[in-house]
Each structure stands twice: as structure tokens, then as C-alpha cells.
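Here is a walk through one protein chain and the ligand that sits with it. Keep the 3D view open and look up each residue as you read.

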Amino acid sequence: MTATPLSVLVVGGGYAGVLAAQRLAGDRTLAVTLVSDRDVLVHRVRLHETLARGTDATRDLRTLLHRRITRVLGRVARVSDRHRTVTLTDGRTLRFDALLVATGSRVRSAMSGVAENALWLADDRRAMEGFTRLRALSEGAVVTVVGGGLTAVEVAAEIAEAHPRLRVVMRAKTVLAGYSAPARRVVREALDVLGVTVDDRAVEAVREDCVVLDDGRVEPSAMTVWCGGFEARGVELEGDWTLDDRGAIAVDGGLRAKGCARVWVAGDVAAAPPGHEPTLRMACATAMPLGAHAADNLRRALRGDEARPFTFAYAGQCVSLGRRRGVMQFVDASDHPLDRVVTGRAGALVKAAIVGYVMGSLRLEGRVPGLYRWPAGVEATA
Ligand SMILES: Cc1cc2nc3c(=O)[nH]c(=O)nc-3n(C[C@H](O)[C@H](O)[C@H](O)COP(=O)(O)OP(=O)(O)OC[C@H]3O[C@@H](n4cnc5c(N)ncnc54)[C@H](O)[C@@H]3O)c2cc1C
């Protein structure tokens with residue numbers, strides 16, 4: 001007689017959740033279910049291309065996922081570690097023997113007028129709406145990009161390259177503050193060549209056709225794209241865990257949720273484990289190793305084996321500057337920038353190769369579960 005498989009739920013169909021589910025699907029003692037509020041994976045690192053060029057950044061989960069994975073379309077509202085159940089917003093309840101939470105992050109927008117008047121890049125539908133609006137703008141119309149981080153730079157460069165008839169203005173106190181001086185210089189030069197104006201006066205409010213600046217001035221803006229940062233989706237879920245001050249679920253060194261016996265956490269929604277503080281960068285480069293490691297430790301726990309501490313080394317950060325230019329900034333294992341950069345056409349090729357590698361890894365893990373590997377380096381401490 002064969003034993004009944006243990007029920008493992010993975011919540012979230014993004015990079016971390018899909019990689020974890022694929023990895024777990026190779027274990028025939030488990031029945032793996034992926035619960036996600038979308039039936040596609042949104043390839044978020046390509047959303048600026050959707051916005052500027054209308055390209056599809058989604059991948060159908062039906063064809064992406066290993067055939068042993070059951071899909072449930074729905075939004076999880078509550079998790080009970082004690083009762084081993086998740087409750088969906090439509091009232092359905094699912095039972096689990098082990099759970100992996102990978103619900104990602106959402107756009108943070110406390111500023112006045114953003115929700116009503118700005119566009120942002122957290123999902124493909126909003127990005128596609130932006131593409132439709134961009135195409136309808138008249139010659140010389142101003143597109144304001146608020147923010148100076150990776151997303152803002154990629155958005156501003158992509159729009160400027162794809163729509164040279166528009167005026168793109170980036171409003172940011174600093175541009176790529178965490179990058180090295182050589183990387184920042186190359187980025188500023190590229191933005192200049194593409195005709196992007198960088199203005200260091202901060203935006204205080206977004207209106208339908210203008211932005212209000214911190215010096216009180218009002219500047220026209222036919223379309224405003226909000227790139228003011230992301231926050232973890234821990235705040236949206238009720239659970240027996242604790243959250244850090246960024247809304248991320250606190251985890252131990254093996255990525256188990258603190259306060260829970262049967263819940264593991266991966267991706268943007270996971271707080272940095274001890275030894276990796278203050279934060280891990282919200283990135284698919286982080287989400288995938290976290291997803292794979294959380295899946296491995298979840299399996300170890302179900303077999304009664306010891307958890308292994310999460311270990312990971314960053315190698316670089318990539319920025320695309322339109323389709324023809326890019327910057328690859330090398331970093332040390334803890335993500336501190338080094339002066340070494342790859343720029344121009346070579347930088348664009350490196351970035352394109354990494355984006356391709358991400359989807360390739362997710363697909364391959366569905367064919368050969370357990371294949372995905374990542375560099376070891378900084379090790380969690382508890
Ligand atoms: C425009 C943009 C550009 C980026 N560029 C880069 C880059 O160049 N390099 C890089 O490394 N990173 C980049 N990032 C960051 C990267 O996309 C994120 O760090 C990554 O998506 C995190 O993966 P994740 O699996 O944790 O979450 P996500 O990819 O956000 O997936 C979360 C999943 O959970 C689902 N979900 C959420 N809540 C629930 C719920 N309650 N119930 C059920 N399902 C739920 C969502 O629908 C989604 O499917 C970029 C992000 C954006 C937005």
C-alpha cells in the first residue's frame with residue numbers, strides 16, 4: 001500500500017513561488033498545490049518594456065508548471081499555522097501539511113494623488129494601460145517619472161527610446177544612490193543621450209495633468225509614472241507570524257516563519273534572515289535562491305531532517321537603458337557596489353541574458369526538479 005502524499009501549498013505564482021513549486025514537484029511523497037491570484041506568471045523585470053512598447057510580460061502557468069502541480073486560482077487572506085489551513089478571500093479553505101508563502105511585494109504610494117492619477121509597474125495590466133495612454137499622447141507631451149531607483153531609470157530610458165516625440169522628465173533627489181560612481185556616471189550619460197531630463201526637485205503631489213513640486217511649483221505632466229518603491233505584501237495576509245517594519249514576514253536562518261511550525265517564506269515577502277540583515281534586495285536574483293532554499297528546508301522538515309542555513313552571494317546588479325544600452329554593476333557577496341562595470345551594448349546583452357536565464361531556470365526546474373543552483377556566500381546565523 002502506498003502512503004497518502006503530504007499536502008504542500010505554495011502561495012504566490014511569481015519567481016519565488018514557481019521555482020519552489022517546481023522543485024517540490026519532483027518529490028513523489030508530496031502533493032503540491034500552487035495557489036495564486038493570477039493564472040499567469042508576471043515577468044516583472046520586463047514590465048518597463050510592456051509600458052513603453054506593449055510587449056507581453058506574462059507566462060501561462062498551465063504550460064510553465066510541472067504536471068504534478070495542482071493549480072488553484074484564488075487570493076489567500078488568512079493562514080493558520082495551528083490549524084494548518086489557508087482561507088481564501090472567497091471563503092474557500094485549503095488544508096496543508098506544510099506551506100510556503102511567496103506573495104511578493106506591492107507598490108508603496110503614500111503620496112497625494114498617486115492612486116488616482118499615476119501609473120505604476122507592479123502588474124502587466126496597469127503597464128499595458130500605460131502603453132495605450134503613451135501612444136495617445138500628443139507630440140512634445142511631458143511624461144514624468146517619479147523616483148531615482150532601478151525601476152525609474154529603466155522606465156525613463158525605455159520610454160525615451162521608444163517614444164522620442166515625448167519629453168521624459170525624471171524627478172529624483174538622487175539617481176541609483178546605491179551604485180558605484182562609474183555606474184552612476186554611465187547611467188547619467190545614457191539618460192542624457194536619450195533626451196531624459198533629470199530634475200532633483202522632489203514631487204509632493206500628483207494631479208491629473210501636472211505634478212506639484214517640493215518648492216510649490218506646478219509642472220505639466222500628461223502622464224506620471226510612480227516609481228517610488230515597493231513594500232512586502234506581508235501586511236495583506238493574516239497569519240501567526242511577526243512582520244518587520246517593511247511589512248515582511250520575519251524568518252529564522254532556515255527561512256521558516258518565526259512563530260510558525262509549518263510555514264516557510266521566500267521572495268520579496270520574506271524579511272532578511274539573521275546574518276543577512278538589514279535587508280536582502282527585493283529582486284528576482286534574491287527571490288529564486290530563497291524559493292529554492294525554502295522548498296529544500298520544507299522537505300527536510302517533513303522528513304524529520306535538520307534545516308540548513310540560507311547561504312547566498314550577490315554578484316551584480318543590472319540596469320537596462322533602452323534596448324541598446326545597459327550597465328552591469330559588479331557587487332560583493334553582501335551586495336555592496338564595486339567599481340567594476342560593463343556598459344553600453346555589452347551591458348545590454350548581459351542584462352538580456354540574465355532576464356532570459358531567469359525564465360529559462362524556472363522552466364528547466366519544472367523539467368528537472370532540483371537542478372537550480374545559486375552561489376553560496378553569506379550564511380544565515382540562526
Ligand atoms: C518594473 C520592475 C522591474 C524590476 N527589475 C528587476 C531587475 O532588473 N532585476 C531584479 O532582480 N529584480 C527586478 N525587479 C524586482 C523583482 O521583480 C521582484 O523582486 C520579484 O518579482 C520578487 O519575486 P516574488 O516571487 O517574491 O514576487 P512576485 O514576482 O511579485 O510574485 C508574487 C506572486 O504572488 C501573487 N500573490 C500576491 N498576493 C497573493 C495572495 N494573497 N494570494 C495569492 N497570490 C498572491 C501575485 O499575483 C504574484 O503571482 C523588478 C520589479 C519591477 C516591478
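## Starting with helix 1

How many of the ten residues of helix 1 are buried? Ten of the ten are, so helix 1 is largely enclosed by the rest of the structure. Keep in mind that this is a predicted model.

If you want to click through them, the buried residues of helix 1 are Tyr15, Ala16, Gly17, Val18, Leu19, Ala20, Ala21, Gln22, Arg23 and Leu24. Remember Ala16 from that list, as it is also among the residues that come nearest to the ligand.

## Two domains and a ligand

The chain splits into two domains. Domain 1 is made of the pieces 6-37, 74-107 and 230-309, while domain 2 is 114-226. Taking C-alpha atoms, the centres of the two domains are 34 Å apart.

So where does the ligand lie with respect to domain 1 and domain 2? Both domains give residues to the shell around the ligand, so it lies between them.

## Who surrounds the ligand?

There are 31 residues around the ligand, and the ones that come nearest are Ala16, Asp37, Asp268, Ala283 and Lys351. Sorted by class, the shell has 15 nonpolar, nine polar and seven charged residues.

Which helices each supply at least two residues of this shell? They are helix 1 (15-24), helix 6 (150-162) and helix 8 (284-303). Helix 8 gives the largest share, with three residues.

Now zoom in on the ligand's oxygen atoms. A polar atom in the side chain of arginine 44 sits 3.0 Å from a ligand oxygen. The backbone joins in too: a polar backbone atom of alanine 283 is 2.9 Å from an oxygen atom of the ligand, and a backbone N or O atom of cysteine 284 is also 2.9 Å from a ligand oxygen. As for cover, the ligand on its own has 990 Å² of accessible area, and the protein covers 92% of that.

## Checking the length of helix 9

Helix 9 (residues 344-367) lets you try a quick sum. With 24 residues at 1.5 Å a residue, helix 9 should span 34 Å. The C-alpha atoms at its ends are 35 Å apart, which agrees.

The buried residues of helix 9 are Gly347, Ala348, Lys351, Val355, Val358, Met359, Ser361, Leu362, Glu365 and Gly366. Look at the numbers in that list with this rule in mind: an α-helix has 3.6 residues a turn, so residues three or four places apart point the same way. Lys351 is worth a second look, since this buried residue of helix 9 is also one of those that come nearest to the ligand.

## The loop before helix 8

Histidine 276 is in the loop between strand 20 (263-265) and helix 8. Is histidine 276 buried or exposed? Its relative accessible area is 7%, and buried means under 20%, so histidine 276 counts as buried.

Its side chain has two backbone partners to find. One is the backbone oxygen of phenylalanine 310, at 3.2 Å. The other is the backbone oxygen of valine 378, which lies 3.2 Å from a polar atom of the histidine 276 side chain.

The same loop, between strand 20 and helix 8, holds proline 278. A cis peptide bond joins glutamate 277 to proline 278, with omega at about 5°.

## Two leucines with positive phi

Leucine 176 is in the loop between strand 13 (167-171) and helix 7 (181-193). Phi of leucine 176 is near 45°, a positive value in a residue other than glycine. With 3% relative accessibility, leucine 176 counts as buried.

Leucine 255 is in the loop between strand 19 (230-232) and strand 20. Here phi is near 75°, again positive in a residue that is not glycine. Leucine 255 has 0% relative accessibility and counts as buried.

## Two strand residues to compare

Arginine 95 belongs to strand 8 (residues 93-95). With a relative accessible area of 51%, arginine 95 is exposed. Valine 79 is 16 residues away along the chain, and the C-alpha atoms of the pair are 10.0 Å apart.

Leucine 321, in strand 22 (residues 316-321), counts as buried at 1% relative accessibility. Leucine 321 and leucine 64 are 257 residues apart in sequence, and 29 Å lie between their C-alpha atoms.

Technical notes. Residues are numbered from 1 along each chain as its sequence is written. This is a predicted model: local features need pLDDT of at least 70, side-chain atom pairs count only at pLDDT 80 or more; totals for chains, interfaces and linings use all residues. Side-chain values use heavy atoms; hydrogens and water are left out. Domain bounds come from an automatic or database domain assignment. A residue is near a molecule or strand if one of its heavy atoms lies within 4 Å of it. A polar contact is a pair of N or O atoms within 3.5 Å; within protein, one must be able to donate a hydrogen and the other to accept it, and residues adjacent in sequence count only if both atoms are side-chain atoms. Accessible areas come from the Shrake-Rupley method with a 1.4 Å probe; for residues, only the protein chains shown count as cover. Helices (H or I, at least four residues) and strands (E, at least two) are DSSP runs, numbered from the N terminus. Ala, Val, Leu, Ile, Met, Phe, Trp, Tyr, Cys and Pro count as nonpolar, Asp, Glu, Lys and Arg as charged, and the others, Gly among them, as polar. The expected span of a helix is 1.5 Å times one less than its number of residues. Buried means under 20% relative accessible area, exposed over 50%, partly exposed in between (1.4 Å probe, protein chains only).
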